[in-house]
Amino acid sequence: MTVGKIKIPNVFNIPAEYSFVDVLAKTLLKRHGASMRELSDVTVLTTTRRAARTLQSAFLRETMGQPLMLPRMRPIGDVEEDELLLEGDIGVGGGAEMVLGLPPAIDPLRRQLLLARLIQARGTSVGIAEAAGLAAALAHLLDQVETEGLDLKNLPNLVPAEYAAHWQITLEFLEILSKAWPEILAEEGCIDAALRRDLLLRAQSQHWRDHPPAAPVYAVGSTGSIPATAELLKTVAGLPNGTVILPGLDRHLDAASWEEVVRDPSHAQHGLAKLLEYLKITREDVRDLEDEAARSSVPARAAFLAEALRPAATSDQWQKAAPPEPAALAGLRRLDCPDAQSEAQTIALLLRETLEMPMKTAVLITPDRDLSRRVSSELRRWGVEVDDSAGTSLDQSPPGVFLRLLARMIAEEAAPVALLSLLKHPLAAGGETAEAFRRHVRALELAILRGPSPGPGLKGVERALATSAASTELKDWFRRLVTLAEPVEALAQAREVDFATFLKEFIRLAEALSRAEGTESAALWAGNFGEAAAGFVSESLRAADVMTAFTPAAWPELLDTLMTGRMVRATYGQHPRLQIWGPIEGRLGRADLMILGGMNEGSWPPDAGSDPWMSRPMREKFGLPLPEQRIGLSAHDFQQAFCAAEVVLTRAGKIDGTPTVPSRWLLRIETLLKKFGLDLAEGKESQPFAWQQQLDLPGAYRPVSAPRPTPPVSARPRRLSVTRIEKWMKDPYSIFAEQILKLRPLDDIAMDPSAADKGSFIHEALERFVQTYPETMPPDALLKLRVVGREAFGDALSFPAVWAFWWPRFERIAAWFIEFEQVRRKKFETLLVEAKGEIKIPAPEADFVLSGTADRIDRHLSEGSLSVLDYKTGLPPSILEVETGMAPQLALEAAMIKHHGFPAIDPAPVSELAYIRLNGGDPPGLFRSAGKEKLPEQLAEEAYDGLQRLIAQFDRQATPYLSCPRPDIPYRFNDYEHLARAKEWSGGEEGE
Amino acid sequence: MSLAGLIEDGIARQKSAADPAHSVWVSASAGSGKTRVLVERSLRLMLAGTRPEKILCITYTKAAAAEMANRLNEMLGSWSVMAEAALAQSLNDLIGREPSPAELLRARRLFASVLDAPGGLKIQTIHAFCESVLGRFPLEARLSPNFEVMDERTAGEIMQTALADLLIASRQPKNADLSAALQLASEKVNEESFTDLMRSLSQKRGQLAALIQAYGDPGDVIAALAREIGIDPDESEEHLISQSSRETAFAGPALRRAVDHLLMGSVQDVRVAEKIAPWLLQPDKRLALFPDYLTAFFTQKGAISASSKLATKKVVEACPDILDILLAEAARLQKVQENIKKTRVLMTTAALIRLGAALVDRYEEERRGAASLIMTT
């Protein structure tokens with residue numbers, strides 16, 4: 001049976017000034033709601049699954065939540081969808097046999113890996129991750145070609161001869177699609193999902209044309225931008241019981257402009273105009289469906305927008321445009337915020353305000369996912385949780401991040417930052433409670449992950465842990481982790497492994513790590529995101545046989561590439577009245593207040609991006625849709641949303657510090673309004689702005705002043721070493737923080753050995769050498785010193801910077817030192833090296849103990865006087881500093897000798913205080929003795945007296961531990977400046 | 001010129017610069033209207049019928065690009081709605097004549113045409129433009145189509161890894177060249193300065209690569225450099241000094257005679273003699289004594305000492321050719337020093353070229369590895 005001759009197809013329109021889904025639900029109920037049975041016989045073809053859900057909730061609103069036998073809803077797909085729909089048939093008679101006859105669609109991930117393998121097989125040295133990226137772009141092209149029903153064979157003829165050589169490179173590459181790919185598909189026994197959808201839609205059309213169904217069929221909300229859906233719409237429109245309902249068809253543009261719309265792909269109505277052309281009907285043939293109860297704005301609003309968005313070719317007609325009636329602009333506001341953050345806060349405030357009004361609903365629509373993220377986190381100020389129904393890319397979701405961190409940790413062989421990032425992820429629990437696990441991780445960090453990195457691999461960390469002071473419990477805890485990770489670590493060592501084997505072990509470890517105490521299943525797979533991650537993993541496992549030889553080192557990048565762009569959406573919204581949508585969700589849904597956020601070029605409309613394969617004219621010639629078509633679709637989304645009851649358009653004047661360009665539609669609207677002396681923008685005095693300003697305003701401004709801690713005298717240190725005295729004098733606050741608060745700065749994670757380490761290696765080498773050969777130098781002194789040095793440097797020599805820079809410097813120091821010693825030993829003998837000593841200094845509160853370690857004390861062979869020496873690998877204090885008592889270390893050591901502080905040395909006059917500067921430069925060493933202006937003995941006495949006064953001063957309760965009290969005498973190694981908040985109160989005079 | 005005259009002159013210059021019939025180079029201070037000139041040029045081009053998408057405007061900052069786009073939009077927006085007479089006046093101001101009816105109509109439509117231009121009116125930073133070219137031709141550029149530009153932090157991290165790799169590689173016996181180069185570098189600079197040095201070298205990696213490509217490999221570059229400055233690439237400082245210290249290399253007898261005379265001269269003469277004598281008398285220590293020896297002939301700044309400093313009048317009277325002898329030796333030594341300097345320059349340059357080339361290789365390798373890491377789909 002063929003369809004009879006129906007002159008005018010059943011094509012209807014729901015104008016933009018009505019809520020599409022609500023009018024639709026009302027219409028369907030009115031037409032088919034007489035009995036429960038009748039409605040459930042109706043088939044509704046929607047564009048997307050999400051559109052179907054929007055319609056379901058509209059039905060629920062109509063029935064006030066009463067359950068209802070809903071019509072059968074079937075998504076048929078839309079361009080710009082990130083998922084190709086239609087796994088099965090539309091399910092309305094006859095489709096089944098067709099479905100059974102068709103090969104299954106290939107998994108997208110499998111396809112990506114297969115294409116990546118083909119790319120790699122072309123011989124260019126592309127890594128698997130890079131190949132997978134290219135494969136994604138190829139797959140995208142393939143989808144477009146199949147969706148448009150084109151043939152890749154036509155590619156070679158696309159370009160004029162003068163570009164042919166150039167095009168050849170791309171063409172050869174695309175042979176992957178035209179030659180190799182069909183063979184692979186045949187082997188796989190699959191077809192591409194896009195082709196399958198195309199075949200199914202066309203088969204359905206054919207079937208309905210041959211056997212028109214008795215039950216009503218509605219195709220709603222589609223603009224037929226895919227050829228196969230256009231054909232289906234045409235079929236439905238021709239069915240006796242078929243109805244096509246268009247979204248927001250224009251009713252206001254003049255005829256001449258409407259002619260232009262068909263030629264102008266960037267126009268909002270282009271898709272609909274093309275569809276009408278295809279259906280061979282005019283705008284007048286389309287009847288409007290209206291329902292006053294679902295009206296959101298007046299027709300004048302739509303008319304005004306149609307005028308503003310008119311095709312460029314007739315834009316001179318603006319001259320003749322009539323001013324909009326006030327009702328057209330009622331409820332429209334434009335808020336220009338200075339930056340992205342204030343825009344997000346303003347939007348959050350508008351949403352929050354909505355909740356103050358009973359029943360009112362509000363929605364933010366934005367293509368800018370960064371803005372939607374900011375808004376949802378701002379809403380948490382008030383405990384309001386709103387889902388972003390445009391979804392989150394899997395790689396950004398918690399399980400996605402966890403898996404990526406795990407991959408990174410393995411690839412980076414448990415490098416401290418990678419290891420800690422993984423172990424501190426909220427999903428990491430390792431079979432314990434999250435709290436217990438986190439406690440262990442922190443202990444691990446403090447025990448060995450601060451400072452220079454331990455050896456590679458978890459084994460390396462374990463070895464470092466074994467020699468550390470960590471508790472046995474922590475060591476046992478870590479051993480369990482090492483055991484868990486052992487299989488993956490072993491596989492990761494190999495150059496190539498079987499992907500399936502690797503992936504299974506990887507997932508096993510991920511599950512074990514994310515299992516919390518007392519639960520059976522891994523937290524990793526819980527919830528929406530977890531399910532999506534599980535789906536991703538099983539798809540990967542199914543595709544694993546594609547890669548038999550897999551390079552484990554490429555796993556982190558490959559994982560990123562494969563996960564990116566897999567959108568995960570919440571199935572049900574968390575909030576009954578507030579929502580955040582992407583433009584696709586906004587196409588059909590409506591709320592009382594619609595906020596269109598991010599009204600800048602680049603978001604509304606989004607950047608078209610660049611096509612890696614073909615230029616614009618080539619695409620056109622080949623038959624692919626032009627990039628402007630996406631702009632047109634986006635414009636249509638904007639047109640629909642703009643006609644809601646209350647609309648707020650927001651934008652940020654700057655994003656990341658860069659000025660933005662307002663959306664082209666906003667510019668058109670404002671330009672047209674300017675003609676009539678109108679505009680939408682709300683001034684800075686508007687309420688949302690005022691609220692936003694106050695949001696983070698501190699109650700009062702309280703500047704901090706310099707700290708003046710005066711701890712009880714009983715808590716103050718009664719014992720300090722000579723090296724602390726200079727610190728005490730110059731920055732008492734450091735002594736307070738270090739000695740009384742017992743605060744020590746933590747090393748950075750994975751820090752290279754520091755200058756302090758270098759100093760201690762060199763000190764140690766020289767000390768050992770002088771100790772081993774106190775009297776006579778060995779004949780091969782330099783060699784011996786090098787051997788000692790190698791021992792002193794120890795493991796640190798494995799750091800490239802250490803052996804490349806420090807070691808050569810040490811060698812130069814060694815050569816200099818041997819020469820120095822040979823001369824020195826003619827006049828001096830070394831009494832002590834690294835000599836520990838202490839003296840008691842009487843003080844008001846109690847005796848004070850001055851302790852210290854002298855690097856070296858020599859005695860003059862003939863005069864018997866003593867010499868106090870200190871090795872400095874950095875910059876030693878100047879002679880002036882030593883002689884003015886600002887650097888009292890050597891003088892205090894001399895004073896200690898005088899007061900019998902070194903048990904092994906009998907007091908004798910000190911005749912020399914000297915620094916041996918050892919930096920390995922040119923010259924490698926330098927001997928510098930103080931005591932030009934004042935005799936060492938005198939310096940020692942002054943230093944002793946000075947210290948005694950200092951002790952007495954701090955034995956008074958009133959004396960505060962000031963932070964750098966004398967800015968003119970700064971302390972060079974101040975670790976506590978930040979703690980003292982010095983930058984906050986010391987600024988001003990010096991500035992930055 | 002009066003102030004009004006100056007302003008008039010400035011406007012006239014602006015007008016002529018805004019004429020798209022000429023290629024111009026405009027250099028002017030901030031706020032003097034450079035953007036205005038660019039905007040007017042673009043407007044005149046489009047008014048004459050050039051399609052907006054055929055124009056490329058390159059700016060240096062994103063802010064300037066946005067600013068220019070906004071000004072252009074504002075201007076075109078007002079054209080699209082202003083009254084007929086006002087539009088005619090505005091166009092007249094721009095092109096310096098009555099606009100034709102076709103131009104008036106085009107001006108009306110330009111606003112929307114520019115907004116809808118396929119691919120947009122291209123007002124971009126140079127970086128954005130280059131990126132778009134690379135994005136359009138990824139295969140030719142050997143890039144993944146979804147490449148992303150590396151941020152500075154990532155680049156820094158990759159540099160750090162490449163540097164560590166370089167240091168490790170220099171340890172392998174097969175890389176003796178690198179090891180020697182590193183040895184030399186580590187004598188001259190410390191770790192931090194070395195990192196800075198390598199970083200600045202890597203910023204010139206394009207030039208460095210071009211240099212190496214032009215000659216073959218780093219060794220060839222160094223050989224060419226050596227030819228250019230006239231030094232044997234295997235020459236060393238020690239060798240130069242010991243060669244110039246051979247008895248046959250200088251006028252020994254004459255110098256000895258000069259020393260004898262100097263020793264009988266004033267305190268100053270004796271001091272000069274004491275610098276020359278040790279070197280002259282101890283042939284086996286000449287290498288070590290060379291720096292001291294030089295001080296007899298040269299000032300601290302390296303110039304040949306004045307004759308009066310070389311020998312006093314009394315000595316010259318006693319030995320009339322002493323100045324000739326000393327100055328001849330000084331001239332000889334100056335050449336030796338020059339060669340020593342050349343050798344030093346060559347050695348350090350060679351070291352930096354070797355290290356730089358090796359570093360850039362490693363950097364590129366790391367960057368390739370990381371390319372997918374910073375890719376988004």
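User: How many Å separate the centres of domain 3 of chain A and domain 5 of chain A?
Analyst: The answer is 67 Å, taken over C-alpha atoms. Keep in mind that this is a predicted model.

User: OK, and where do those domains sit in the sequence of chain A?
Analyst: Domain 3 is made of 326–380 + 593–695, and domain 5 covers 717–954. Chain A also has domain 1 (11–80 + 87–94 + 195–296), domain 2 (108–190) and domain 4 (393–568).

User: What about chain B, which domains does that one have?
Analyst: Chain B is split into domain 1 (3–136) and domain 2 (153–377). Their centres are 57 Å apart, again over C-alpha atoms.

User: What does the predictor say about its confidence in the whole complex?
Analyst: It gives an ipTM of 0.80 and a pTM of 0.84. For chain B, the mean pLDDT is 87, with 97% of its residues at 70 or more.

User: Which elements of chain B come out lowest and highest?
Analyst: Helix α9 (residues 191–203) of chain B has the lowest mean pLDDT, 81, while helix α5 (residues 101–116) of chain B has the highest, 94.

User: And where in chain B does pLDDT stay under 50?
Analyst: Over residues 372–377 of chain B. The model still has 27 contacts beyond four places in sequence for that stretch.

User: New topic: how many residues does each chain bring to the contact?
Analyst: Chain B brings 46 residues and chain A brings 43. On the chain B side, α3(B) gives the most, with 10 residues. Sorted by class, that side of chain B has 20 nonpolar, 18 polar and 8 charged residues.

User: What's in the largest nonpolar core?
Analyst: That core has 133 residues, and L24(A), L55(A), M594(A) and I595(A) have the most contacts inside it. Helix α3 (residues 62–81) of chain B gives the most to this core, with 8 residues.

User: Which residues does L24(A) touch?
Analyst: Leaving out residues up to four places away in sequence, L24(A) touches I14(A), L55(A), A58(A), V220(A) and I245(A). There's also a second, separate core of 94 residues, which includes L890(A), M159(B), L178(B) and A358(B).

User: Can we do a strand? Which way do the residues of β2(A) point?
Analyst: In strand β2 (residues 43–46) of chain A, T43(A) and L45(A) point one way, and V44(A) and T46(A) point the other way. All of them are buried.

User: Why do they alternate?
Analyst: Because in a regular strand the side chains alternate between the two faces of the sheet.

User: Which sense does β2(A) pair in with β3(A), parallel or antiparallel?
Analyst: Parallel, over 4 bridges, with strand β3 being residues 72–75 of chain A. Within that pairing, T46(A) stands opposite P75(A).

User: Now a helix. Which residues of α29(A) are buried?
Analyst: In helix α29 (residues 722–730) of chain A, the buried ones are V722(A), I725(A), E726(A), K727(A), W728(A) and M729(A). They pack against β15 (719–721), α30 (732–740), β17 (848–860), α35 (889–898) and α36 of chain A.

User: Last one: where is E977(A)?
Analyst: E977(A) is in the loop between α36 (936–954) and α37 (982–986) of chain A. C-alpha to C-alpha, E977(A) is 7.5 Å from S963(A) in space, and the two are 14 residues apart in sequence.

User: Why does E977(A) count as partly exposed?
Analyst: Because E977(A) has 17 other C-beta atoms within 10 Å. Buried would take 20 or more, and exposed would take 12 or fewer, so 17 falls in between.

Conventions. Residues numbered from 1 in each chain as written. Chains lettered and ligands numbered in written order. Predicted model: local features only at pLDDT ≥ 70, side-chain atom pairs only at ≥ 80, totals over all residues. Domains from an automatic or database assignment. Helix = DSSP H or I, 4+ residues; strand = E, 2+ residues; numbered from the N terminus. Contact = placed C-beta atoms within 7 Å. Core = buried A, V, L, I, M, F, W, Y, C linked by C-beta atoms within 7 Å. pLDDT = per-residue confidence, 0-100. Nonpolar A, V, L, I, M, F, W, Y, C, P; charged D, E, K, R; others polar. Pairing = 2+ DSSP bridges.
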